[in-house]
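Thanks for sharing this one. Here are my notes, arranged as numbered points so that you can follow them with the model open.

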Amino acid sequence: MNNALYWFTDDLRLQDNLTLNSTLYACKNILFIYVFDQALFEPTNYSHVHLGPKRQQFIKDSLIDLAEQLQQLGYELQVFKGNSREVLNQVISQADIDIVGCHAGAGYYEQVLLRDIKSDNGDVRFIHQHNNLLFGPQQVNDQDLRGSFSKFRKKADKLVISESSEDVFADTLPLPLNLKAFNSKNYQLESTNSTDLSHFLGGERAAQNHLEEYFLKPAASIYKQTRNALDGKYNSTKFSPYLSVGNLSPRQIINHLTQYEKENGANESTYWIRFELMWRDFFHHKAMLKGAMLFKFTGSQGGRPLTSYYPQRFKSWCCGTTQYPLVNACMKELNETGFMSNRGRQIVASCLVNELQVDWRYGAAYFQQQLIDYDVASNWGNWQYIAGVGDDPRGGRHFNIEKQTQMYDQDGSFQKKWLCGSKPSFESVDMVDWPVMRAENGR
Ligand SMILES: Cc1cc2nc3c(=O)[nH]c(=O)nc-3n(C[C@H](O)[C@H](O)[C@H](O)COP(=O)(O)OP(=O)(O)OC[C@H]3O[C@@H](n4cnc5c(N)ncnc54)[C@H](O)[C@@H]3O)c2cc1C
């Protein structure tokens, strides 16, 4: 038969998509689907949902773009909302599918889902690999990952980054397969009308525009000096939202970077963009190795952090009403835009764990809900680092908020932008979340 199903997940693009290419070559007929898993809209153990409205819209925009591109090639993208395993099993059976292609992400639960679907469909051939890395799993072994990032980086510096794959849609294409009388609920895609996300409009074509635009500017040559800024469109690359849903591959970034270096010269800053993408690869490879340990309170260290769950403190952190104005400004930015700079993330994460002494997993879960660029490996991996339960030889990070304010917001403009005059609140509860009794009028 050679009927293939391509199941898009975090690889919402047509270009440089290795698994998609392999699937197209292997079949005669093809069907394209995406599933919004019902579980993503339900509360997690940490009382927030997996997928907040901002990232949901970013994904929808990406799907609209993908559907339009597929339509130009004569295909339809079917989008469903439901239980992924049930939807996949129904489609496989109703469309007589014998090949399934999909990106195999680094997340533990995503891997379990794929394993379950494979075991439900023993006679179907599965084509899957991680589509979104610089280095394939065959280039990195467990030894390279046992230990800190420095060890991994020394090896990664010598590894060859494969070229982006060629444009397979230029070749003879399989015929479109249609799904008739399908029971699962189709999902209606609506594009964003608001302008507040114009900065981060999802989609492969928006990602390519941003990539081109970034490297037309001299920003990459001064990246190392600017990357820690709390604000500013070109102070860091802003590739993360596109990478997180796979609108962009890290190889495509490296190709553009290499070209930029040929034309403008390589320096420490241009190297540093590679360096940061290596961090991303490091966390992804680590996540595949660690499995469910990525979500464990004690991480891979074994020792229990001296933190707990204080609902009031956690709530004030989420809402940006703590006694730390810089933290509040960063959290307000996150809540309004779905984005926060790397420095901001480090400061607020350190504050939650060290000043407010809240269990780091609550912070990671809140980021999961709010971030447009949420990425399971980078998010939980970075939180483990800050909380001191990752593989960091320095054992956790405590940022001095006052010093950080002096360094990164000396003139207060970032705080002014996000706080709009609101005053920081002072502790209203004690260490165990009892209300603090304040002495009034000097009594
Ligand atoms: C607590 C915490 C949670 C985080 N959660 C996420 C997340 O869910 N998704 C996410 O993509 N990044 C996460 N990061 C990493 C980092 O903050 C973002 O990748 C970065 O701020 C995105 O902005 P940018 O694209 O302009 O980055 P740039 O500074 O321009 O970096 C270029 C690219 O390198 C990668 N990168 C940079 N720093 C890191 C890092 N520390 N770890 C992994 N990759 C990195 C990203 O893909 C980024 O797009 C987190 C960091 C912290 C401290």
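1. Around the ligand there are 29 residues, and the closest are Ser236, Thr237, Glu276, Asn379 and Asn382. A residue is near the ligand here if its C-beta atom, placed from the backbone, lies within 6 Å of it. Please keep in mind that this is a predicted model, where local features need pLDDT of at least 70, side-chain atom pairs count only at pLDDT 80 or more, and totals for chains, interfaces and linings use all residues. Residues are numbered from 1 along each chain as its sequence is written.

2. Which helices supply at least two residues each to that shell? They are helix 9 (240-244), helix 11 (268-290), helix 14 (342-355) and helix 16 (376-387). Helix 11 gives the largest share, six residues. Helices (H or I, at least four residues) and strands (E, at least two) are DSSP runs, numbered from the N terminus.

3. By residue type, the shell holds 12 nonpolar, 10 polar and seven charged residues. In this scheme Ala, Val, Leu, Ile, Met, Phe, Trp, Tyr, Cys and Pro are nonpolar, Asp, Glu, Lys and Arg are charged, and the others, Gly among them, are polar.

4. The ligand shell lies between domain 2 (203-291) and domain 3 (311-419), because both give residues to it. The domain bounds come from an automatic or database assignment.

5. Helix 11 and helix 16 also meet each other: their axes come within 8 Å and cross at roughly 90°. The two helices are therefore roughly perpendicular, a label for angles of 65 to 115 degrees. Axes are lines fitted to C-alpha atoms over the stretch in contact, with angles running from 0 to 180 degrees between N-to-C directions. On the helix 11 side the contact uses Arg280, Phe283, His284, Lys286 and Ala287, and on the helix 16 side Val376, Ala377, Ser378 and Gly381. Four of these residues are nonpolar, three polar and two charged. Contact means C-beta atoms, placed from the backbone, within 7 Å.

6. Is Phe367, in helix 15 (residues 360-370), buried or exposed? Phe367 is buried, since 22 other C-beta atoms lie within 10 Å; the cut-offs are 20 or more for buried, 12 or fewer for exposed, and partly exposed in between, with C-beta atoms placed from the backbone. Beyond its neighbours within four places in sequence, Phe367 touches Tyr374 and Asn379.

7. For the whole protein chain, there are 18 helices and six strands, and 45% of the 443 residues are buried.

Note on methods. Parallel < 35°, antiparallel > 145°, perpendicular 65-115°, else oblique. Contact = placed C-beta atoms within 7 Å.
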